[in-house]
Amino acid sequence: MSGIGPVEPGEDTRVRDTPQPRPRGRLALRYARHRRTVLASGAALVVLAGGGYLYASRPQPRPAPPPPYPSQAVDLVYAAPAAGSPGATGGGYRFTVLLTVRSGPPVTVTRLTQPYDGLSVTSSPAAPFQTNSHFTRKITVTLRVTECEKAPRNPGLPFLDVTLRNARAIEAHSFILGTRYARDLSQALEVACGNDSR
């Protein structure tokens, strides 16, 4: 023999088939008997674990945005003096406003007031009342002069204080009703308190 390389079998030699070693121990014997079942069960567990991981790590849908605050979903506009209300005499100065809920859940008006000490306010419908989304409610407001000394003589930007509630929050909000309302209110107060000295 010369050179480098593996040892080759000579003539009249053959490779014997060596018997597989027999497993020793009870667990090894059981595994040998139920090898297919064990491997199938293991594969099923791997697939189940992978599916569970993929399910748990899937992207979650974004939660729905919260509803808007009630003051952001509501419009309150001055419509006109109510019929039969030329001024704040006797029954008071009556006018209508339109409350519109633009979006979101229903809004409840829990309170409606005004900032002047010399005036009292009532509304029809009386608070609290609810207005549904995409709906406009007509509200008749009556202002009565309780003390002419405390009533404003010429209010520049009069407003109504309205407390609103929806599924998200309760808010007190002041609505400026515009120059027409200021002019009509000034005329009504002039009629009611014109003869009183201040």
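**View 1. Ser123 meets its partner in strand 6 of this predicted model.** Start with Ser123: its bridge partner in strand 6 is Val141. This pair belongs to the contact between strand 4, residues 119–124, and strand 6, where six bridges hold an antiparallel pairing. Strands in a sheet pair through backbone hydrogen bonds, in either a parallel or an antiparallel way.

**View 2. Strand 6 also pairs with strand 2.** Here you can follow strand 2, residues 93–101, as it runs antiparallel to strand 6 over nine bridges. A handy place to look is Leu99, which stands opposite Arg137 of strand 6. While you are here, keep in mind that side chains in a regular strand alternate between the two faces of the sheet.

**View 3. A disulfide links Cys148 and Cys193.** How many disulfides does the model have? The count is one. The sulfur atoms of Cys148 and Cys193 lie 2.0 Å apart, which is within the 2.5 Å cut-off for a disulfide. The torsion about their S-S bond is about -80°, so this disulfide is left-handed. Cys148 sits in the loop between strand 6 (135–145) and strand 7 (159–165), while Cys193 belongs to helix 4 (residues 179–193), so the pair ties together parts that are 45 residues apart in sequence. Are these two cysteines buried or exposed? Cys148 is buried, at 10% relative accessible area, and Cys193 is buried too, with a relative accessibility of 1%.

**View 4. Four strands make an open sheet.** Reading across the sheet, the strand order is 5-3-7-8, and the pairing is antiparallel. Which strands stand at the edges? They are strand 5 (129–131) and strand 8 (170–176); each has a single partner strand, so one side of each is left without a neighbour in the sheet. From one strand to the next, the twist averages 35°.

**View 5. Strand 3 pairs with strand 7 inside that order.** Let us step in to strand 3, residues 107–113, which is joined to strand 7 by five bridges. The two strands run antiparallel. To find your way, look for Leu112, which stands opposite Val162 of strand 7.

**View 6. Three residues make a nonpolar patch on the surface.** Which residues make this patch? They are Tyr31, Val38 and Leu39, and the patch covers about 280 Å². Leu39 can be found in helix 2, which spans residues 35–56.

Notes
Residues numbered from 1 in each chain as written. Predicted model: local features only at pLDDT ≥ 70, side-chain atom pairs only at ≥ 80, totals over all residues. Heavy atoms only, no water. Buried < 20%, exposed > 50% of the residue type's maximum accessible area, 1.4 Å probe, protein only. Pairing = 2+ DSSP bridges. Patch = residues over 30% accessible without salt bridge, like charges linked within 9 Å, V, L, I, M, F, W, Y side chains within 5 Å. Areas by Shrake-Rupley, 256 points an atom, 1.4 Å probe, with all protein chains shown as cover. Salt bridge = Lys/Arg side-chain N within 4 Å of Asp/Glu carboxyl O. Axes fitted to C-alpha atoms, helices over the stretch in contact; angles between N-to-C directions.
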